[in-house]
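Visitor: I'd like to go through this one label by label. Could you show me the structure and then tell me where each label comes from?

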Amino acid sequence: MLLDPLTKVAQSISQPRYGVATQRLGRDSSKLVLLVQDQSVDIEPVPKRLALNSSAPLKGQLAGSYENPQVLLSNAVGELETPKMPPGKTFQAELKCGDRPGRMQVEIRAEQQGAEGVVADFPVYCGTEPPTSVAIAKPPTGPVDVASEEKKLFELLNAERTSAGLPPLTWDDAVAGVARADAEGRRDGKQVDLVQALKQVEVASPLIVQNPAQARSADEAHARFSTSPRHRANYMSSAVTQGAVGMAAGSDPSGRSTLFISELFVKQLPPINTEEVRQKLRSAIARKRKDARAAALKSDPLLEDVAQKYVQALADAKGNLPKARQDEILAPVRKPFLTVNVISGAKNEPLDFAEEPGIIASLKVYGIGVAQGAHAQLGKNATYVTVLMGTRR
């Protein structure tokens, strides 16, 4: 019974290894299970557990027609490391546990006839004991509640971030809409431009990270993402701040129900204390003028009031304040002042406004306005600054 299937499988794989288990059911019957593995890589023994701040070598050789190995390492906090490997069949890297307990995920990839694939994937535990059992997710038996599965997957990745000492990500409804559109597009064979789609919902981010998958449930999808160093590095990244999960129900080639999944993560600027930024900017301007040997500026109540009105209007207009509205806001300072200079806009770092050339102009008084609002490039929490500088008549 077992010889024929074992012989057929062995003819199509590189290094066949097999195991047989039997269970006696009765006097005249037994249950037999045959498990066959294609041993595509030989790895020297690696410990399942390492102490904190210790390391172990990872050495091995590809088998059969596999070549050009690639090693990917995801540490306890999800940071990705890809040691450089020479072409050929052998590989060598160092598994390093830092001072944070958790799971390191190891993945070895290789090429076979021009195609790249995973030949080994396993965890190494740093400063903590490996689990003695794992829960096996059962595929859903009825209709899937897509919305609840989306939130469940987001909760699973946030739980892993929290356990590694990373701040949880914030769910963003606008990002969720784009993630769902992307999942539906991949189900329907249509490509979604994520950058443009996010801009249309006023989400501008200097960093956009995505994890795509096809699975039967949130649990199955997270199990795949968490054992892939690249995908794990994406959702564990300390650079992203917001995100969401989008899903679309569909069918696989055999007609069974499946989910098309898109995890989408972005970086948004955090809310700020505008008064604190204003005071820091005053200090930065004072230092800049002192270094340039320009006279110190004094705060002027009228310029302070108009600067705040101007910057709030600019933030409300998302950085595109019409000329007529600018003139209207600045009208109260035209008569009392001989000259008024306007330095205004939005920057990632608001203190950079102290480096503007006009800051060292030969004027006497000034006012500063600070506000937050949406910006086409910087996102919805961009910091807008307006500095009005002038000399009274």
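Visitor: Why does Trp171 count as buried or exposed, whichever it is?

Guide: Start with the rule: buried means under 20% relative accessible area, exposed means over 50%, and partly exposed is in between, all with a 1.4 Å probe and protein chains only. Trp171 comes out at 19% relative accessibility, so Trp171 counts as buried. Before we go on, this is a predicted model, where local features need pLDDT of at least 70, side-chain atom pairs count only at pLDDT 80 or more, and totals for chains, interfaces and linings use all residues. Residues are numbered from 1 along each chain as its sequence is written, and side-chain values use heavy atoms, with hydrogens and water left out.

Visitor: What makes Phe154 and Trp171 an aromatic pair, and of which kind?

Guide: Rings of Phe, Tyr and Trp (the six-membered ring for Trp) pair if their centres lie within 6.5 Å; planes under 30 degrees apart are stacked, over 60 edge-to-face, and the rest tilted. Here the centres are 5.1 Å apart and the planes make 90°, so by the rule the pair is edge-to-face. The count by this rule is one aromatic pair.

Visitor: Which parts of the chain does the pair link?

Guide: Distant ones: Phe154 belongs to helix 2 and Trp171 to strand 11 (residues 170-171), 17 residues apart. Helices and strands are DSSP runs numbered from the N terminus, with H or I over at least four residues for a helix and E over at least two for a strand. Phe154 has 5% relative accessibility, so Phe154 is buried too.

Visitor: How do you know that Lys151 lies over the face of Trp171?

Guide: The rule wants NZ of Lys or CZ of Arg within 6 Å of the ring centre and within 35 degrees of the ring normal. Lys151 is at 4.8 Å from the ring centre of Trp171 and lies over its face. Another case is Lys347, whose charged end sits over the ring of Phe353 at 5.1 Å from its centre.

Visitor: Why is the protein chain called more spread out than a compact globule?

Guide: The radius of gyration is taken over C-alpha atoms, and the globule rule is 2.2 Å times the number of residues to the power 0.38. For 393 residues that rule gives 21 Å, and the protein chain has 30 Å, well over it, so the chain is more spread out than a compact globule. Along its principal axes the C-alpha trace spans about 110 × 50 × 40 Å. The chain has nine helices and 18 strands, and buried residues make up 40% of its 393 residues.

Visitor: What makes the largest pocket a pocket, and what is its volume?

Guide: On a 1 Å grid over the protein atoms alone, a cavity is a set of points where a 1.4 Å probe fits but cannot get out, while a pocket is an open set with protein on both sides within 12 Å along at least five of seven lines. The largest pocket has a volume of about 550 Å³, a volume being the space filled by probe spheres set on the points, which are joined across faces, edges and corners. Lining residues have an atom within 4 Å of a point. There are 23 of them here, and the closest to the pocket centre are Arg103, Glu160, His222, Ala223 and Ser226. Helix 5 gives the largest share of the lining, five residues.

Visitor: Why is Asn53 called exposed while Glu202 is partly exposed?

Guide: Asn53 has a relative accessible area of 60%, so Asn53 is exposed. Glu202 sits at 42%, so Glu202 counts as partly exposed. Asn53 lies in the loop between strand 4 (49-50) and strand 5 (55-62), and its phi is positive, about 60°, although Asn53 is not a glycine. Glu202, in the loop between helix 4 (194-200) and strand 12 (208-215), has a positive phi near 60°.

Visitor: And what makes Ser262 buried?

Guide: Its relative accessible area is 0%, so Ser262 is buried. Ser262 lies in strand 14 (residues 257-266), and its C-alpha is separated by 9.3 Å from that of Glu150, 112 residues apart along the chain.
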